[in-house]
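Trainee: I would like to learn how to read a structure one feature at a time. Could you take me through this one slowly?

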Amino acid sequence: MTVPGAGPPETRGERDQLIPNGLFGMVLFVLAEGMFFAGLISAFEIMHSGAMVWPPPNQPRLPIEATAFNTLVLLVSAVFLQRAHKSFHRGERGKMLRPMILSLACGAFFVLFQGYEWVQLINEGLTLSSSALGSFFYLMVGMHALHAVGALGLLGYATYRLRGGWLTPSLFGAAEVFWFFVVGVWPVLYLVVYLR
Amino acid sequence: MSNRFSRIVWLLIACSVLFAPGLAAACSVCTTGKEDDTRIAFELMTAFMTVIPFVLVGGAFWWLRGRLRAVEDSHVRARELAEAGGSSSHVEAPQSH
């Protein structure tokens, strides 16, 4: 995204870049996805308000404690990414690699742990068609997992380019905005879906 | 069924409707008696879905405004340096976001 040049005399007349294009595109995407998750939460709340018994009979209890631990791991990954962010903007790219790899590792652990939980829940009888809880659980948590996998892919690509020495502010900005969005949405989903 | 027994049954039904409407309306396959909760949920979620776009778009504009100010400040500093005869006439736009 650019603004008309109000810069130094030698650059006046040109257009100055306000934010990198990749980052701006990702911000627009994240705004749209924010509305998508708001819609899902809204639908879940209305469905939940009409239920006589919650959780529905003969349905397993969601793993609150294990998921709380997994939420903590996800939050830790955001802390590592924030450290990489600071190093990037100080120009200390050599110090970025470790926190980015740790952030990736925490994110990958979160997704794998979620997959393990899903297998357990399916074995206990919670499926997409077993109840309204199952339908909403797999839809909301599944869409979040899909976003997490996409954001991890982008973060992994940014790490690969960092190692090659050609990581741009545009790519890094887009990757971190996407990952922070994934991290930020999860506690809300946890409160709405799990703590009921 | 005797007339007296019939009256007692009707009295019990009337009492259950009057004093325990939830139980009287209880049904395993419907949500009768939950209309108020559903109505409140609809109202709250309507408010939520109305406010959320303003919060998201407003937040984005606030962030962009901050970026624009930072870029303008860096240009002002660069101009001041150039006018002061400093060797550096251009300062990089801030990268933070």
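Trainee: Let me begin with a single residue: is Asn58(A) buried or exposed?

Mentor: Before anything else, keep in mind that this is a predicted model. Asn58(A) counts as exposed because its relative accessibility is 76%, and exposed requires a value over 50%. Asn58(A) is found in the loop between H1 and H2 of chain A.

Trainee: What is there to notice about the backbone in that loop?

Mentor: The general idea is that most residues other than glycine have a negative phi, and most peptide bonds are trans. In this loop, phi of Asn58(A) is near 65 degrees, which is a positive value in a residue other than glycine. Pro55(A) also lies in the loop between H1 and H2 of chain A, and the peptide bond that joins Trp54(A) to Pro55(A) is cis, with omega at about -5 degrees.

Trainee: Where does Ser49(A) lie, and is Ser49(A) buried or exposed?

Mentor: Ser49(A) lies in helix H1 of chain A, and with a relative accessible area of 9% it is buried, because buried means under 20%. A polar atom of the Ser49(A) side chain lies 2.7 Å from the backbone oxygen of Ile46(A).

Trainee: How should I read two helices that lie against each other?

Mentor: Two packed helices are described by the angle between their axes and the distance between the axes. For H2(A) and H3(A), the axes come within 8 Å and cross at roughly 160 degrees. H2(A) and H3(A) are therefore roughly antiparallel to each other, since angles over 145 degrees count as such. H2(A) passes H3(A) in a left-handed crossing, and the contact includes Phe69(A), Phe80(A) and Leu81(A) of H2(A) together with Met100(A), Phe109(A) and Phe113(A) of H3(A).

Trainee: How are H1(A) and H4(A) oriented to each other?

Mentor: The axes of H1(A) and H4(A) come within 10 Å and cross at roughly 165 degrees, and these two helices are therefore roughly antiparallel to each other. H1(A) passes H4(A) in a left-handed crossing, and among the residues that make the contact are Phe36(A), Phe37(A) and Phe44(A) of H1(A), with Phe136(A), Met140(A) and His144(A) of H4(A).

Trainee: How many residues does the largest nonpolar core have, and which have the most contacts inside it?

Mentor: The largest nonpolar core has 55 residues, and those with the most contacts inside it are Met100(A), Phe137(A) and Trp179(A). Helices H1, H2, H3, H4 and H5 of chain A, together with helix H3 of chain B, each supply at least two residues of this core, and H5(A) gives the most to it, with 17 residues.

Trainee: Which residues does Met100(A) touch?

Mentor: Leaving aside residues up to four places away in sequence, Met100(A) touches Leu81(A), Ala84(A), Leu155(A), Ala158(A), Thr159(A), Leu162(A) and Phe172(A).

Trainee: And what can be said of Phe88(A)?

Mentor: Phe88(A) lies in helix H2 of chain A, and at 6% relative accessibility it counts as buried. With residues up to four places away in sequence again left out, Phe88(A) touches Arg93(A), Met96(A), Leu167(A), Thr168(A), Pro169(A) and Phe172(A). Distance along the chain can be set beside distance in space here: Phe88(A) and Phe110(A) are 22 residues apart along the chain, and their C-alpha atoms are separated by 25 Å.

Notes
Residues numbered from 1 in each chain as written. Chains lettered and ligands numbered in written order. Predicted model: local features only at pLDDT ≥ 70, side-chain atom pairs only at ≥ 80, totals over all residues. Heavy atoms only, no water. Core = buried A, V, L, I, M, F, W, Y, C linked by side-chain atoms within 4.5 Å. Buried < 20%, exposed > 50% of the residue type's maximum accessible area, 1.4 Å probe, protein only. Helix = DSSP H or I, 4+ residues; strand = E, 2+ residues; numbered from the N terminus. Contact = heavy atoms within 4.5 Å. Polar contact = N/O pair within 3.5 Å; in protein donor to acceptor, adjacent residues only side chain to side chain. Axes fitted to C-alpha atoms, helices over the stretch in contact; angles between N-to-C directions. Parallel < 35°, antiparallel > 145°, perpendicular 65-115°, else oblique. Left-handed = near helix turned anticlockwise from the far one by under 90°.
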